[in-house]
Number of protein chains: 2
Amino acid sequence: MRGPGQWQHRLRRQGARWTVPRRAILELLSRTSKHLSAKEVYGSLHRTNPGLGLTTVYRTLDLLVRMGLLNKLSFGSGESRYEFRSTDEETHHHHLICMQCGKIIDYTDFVDEEQELVKKIEDSLAKKHGFKINDHHIEFLGLCPECRG
Amino acid sequence: MRGPGQWQHRLRRQGARWTVPRRAILELLSRTSKHLSAKEVYGSLHRTNPGLGLTTVYRTLDLLVRMGLLNKLSFGSGESRYEFRSTDEETHHHHLICMQCGKIIDYTDFVDEEQELVKKIEDSLAKKHGFKINDHHIEFLGLCPECRG
DNA sequence: ATGATAATGAAAACCGTTATCAATAATAAT
DNA sequence: ATTATTATTGATAACGGTTTTCATTATCAT
C-alpha cells in the first residue's frame, strides 16, 4: 500500500510540494535495499533525471528524513547514508558492518528479545536522566568473509 | 595501574615513539569522562602545550585508536569524538544522546542482560554471514530535560 | 655523541555538506 | 484556464572537519 500516493499526502500535509526530484528519490530508495549516500543517489538518478542537481539531492534527502520517510545513517566513514523507512513493525532491523570495506548488512536476529531489553533500558534511562527517548541504534562491527582474508 | 608507563610500553611494542603530544593527549583523555572532538582536544592542550598543532592532534588521535588506547565515536554530527578506552570490563558502556544539543551520557544499565543478548546475536550473525565480529555499539537517541522544554 | 628515521607543524588540499541567489515550477486564487 | 504567490530548484561559492604535503625537529638505537 505504500507508494507515491501515500508519500504525496504525507508531504502535502506538512506543507511541502510534490515535485519530480522528491518522487524520483523516494522511488529509488523504496525500490532498493541498499543504504545509499547522497552522491550515490545523484549518480543513480542522473541517467533518468539529467537536470537533477546534487544540491537538490542533499536538500531532498534532508527533507524526507524530517518528514519521516527516510532514515539517515552515519557510520564513521564521513558520509551519511539513507534508507527507506518502512511503516510496518516487521522491518525493524539493525546493522552489521564490515570495518574494512564498509559493507552493510541489515539483520533482524533476536528482535523480540532485543525489543524487550531495549524497553527496559529506555525506561531506566528515561527515569534516571529525564530524557524523552525516541529511537535506538545497534550496530555490530567486524570483518566480512572477503576482508578476513 | 593504567598510566604513562603502560601506554609507553604499548606504543613502543608497536614501533611507535613516546612523544610529548602523545603523552599529553593520553593524559587529557584519561582524566576526563567527556567525549572530546579533535578541536576540543587541541583547545584544551593549547595552554599547556603552546606549540602543539591541530594536525598532530588528528594524527595522534588516529594513532591511539589504532593502538587500542582510545575509542572513536561518530554520532551523526559531522565531527568525530574520542574517549579513553579502559582495559577493565567494568567500564563497558553505551551512549544516550540528545538529538537536539548533542549531550552524551554514558550508561551501564542492564549490561549483563545486554552482554548475554549481544553474544547470541554475534554468534548468529557470525555464522550466518561469515563475519568475524569485533565490537558493537548501542545508542539511544532522545531529548534531554533542557531540550524537551 | 651521532646517525637514522619517525614525528611534528604550517599550509594547502580534500571531501561531504550547506548557504546564496536568480530562475523555475507547483499550487492557490481569480 | 490564467495569473499570482511562493516553494523549489540548480549552479556556484562557501564552509567545516579531516588529510596530505613537505621541510624541520625530536626520538631512539648505535
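**Exercise 1.** How far does a polar side-chain atom of B:R22 lie from a phosphate oxygen of DNA strand C?

*Solution.* The model is predicted. In it, the separation between a polar side-chain atom of B:R22 and a phosphate oxygen of DNA strand C is 2.8 Å. A polar contact requires N or O atoms within 3.5 Å, and the B:R22 pair, at 2.8 Å, satisfies this.

**Exercise 2.** Characterise the protein surface near DNA strand C.

*Solution.* Step 1: 21 residues surround the strand, and A:K39, A:S80, B:T19, B:T56 and B:R59 come nearest. Step 2: by class, this surface comprises five nonpolar, eight polar and eight charged residues. Step 3: at least two residues each are supplied by helix 4 (54-66) of chain A, helix 2 (20-31) of chain B and helix 4 (54-66) of chain B.

**Exercise 3.** Which parts of DNA strand C do the protein atoms approach?

*Solution.* Step 1: of the strand atoms within 4 Å of the protein, 65% belong to sugar or phosphate, and the rest belong to bases. Step 2: a phosphate example is B:T19, with a side-chain N or O atom 2.7 Å from a phosphate oxygen. Step 3: a base example is A:T55, with a polar side-chain atom 3.5 Å from a base nitrogen.

**Exercise 4.** Locate and describe the cavity of 30 Å³ or more.

*Solution.* Step 1: a search of the whole structure yields one such cavity, and the volume of the largest cavity is about 100 Å³. Step 2: 13 residues line the largest cavity, with A:E114, A:L117, A:I138, B:L117 and B:I138 closest to its centre. Step 3: helix 5 (111-129) and strand 6 (132-143), from chain A and from chain B, each give at least two lining residues. Step 4: the lining has eleven nonpolar, two charged and no polar residues.

Definitions and conventions: Residues are numbered from 1 along each chain as its sequence is written. Chains are lettered from A and ligands numbered from 1 in the order in which they are written. This is a predicted model: local features need pLDDT of at least 70, side-chain atom pairs count only at pLDDT 80 or more; totals for chains, interfaces and linings use all residues. Side-chain values use heavy atoms; hydrogens and water are left out. On a 1 Å grid over the protein atoms alone, a cavity is a set of points where a 1.4 Å probe fits but cannot get out, and a pocket is an open set with protein on both sides within 12 Å along at least five of seven lines; lining residues have an atom within 4 Å of a point. Grid points are joined across faces, edges and corners, and a volume is the space filled by probe spheres set on the points. Helices (H or I, at least four residues) and strands (E, at least two) are DSSP runs, numbered from the N terminus. Ala, Val, Leu, Ile, Met, Phe, Trp, Tyr, Cys and Pro count as nonpolar, Asp, Glu, Lys and Arg as charged, and the others, Gly among them, as polar. A residue is near a molecule or strand if one of its heavy atoms lies within 4 Å of it. A polar contact is a pair of N or O atoms within 3.5 Å; within protein, one must be able to donate a hydrogen and the other to accept it, and residues adjacent in sequence count only if both atoms are side-chain atoms.
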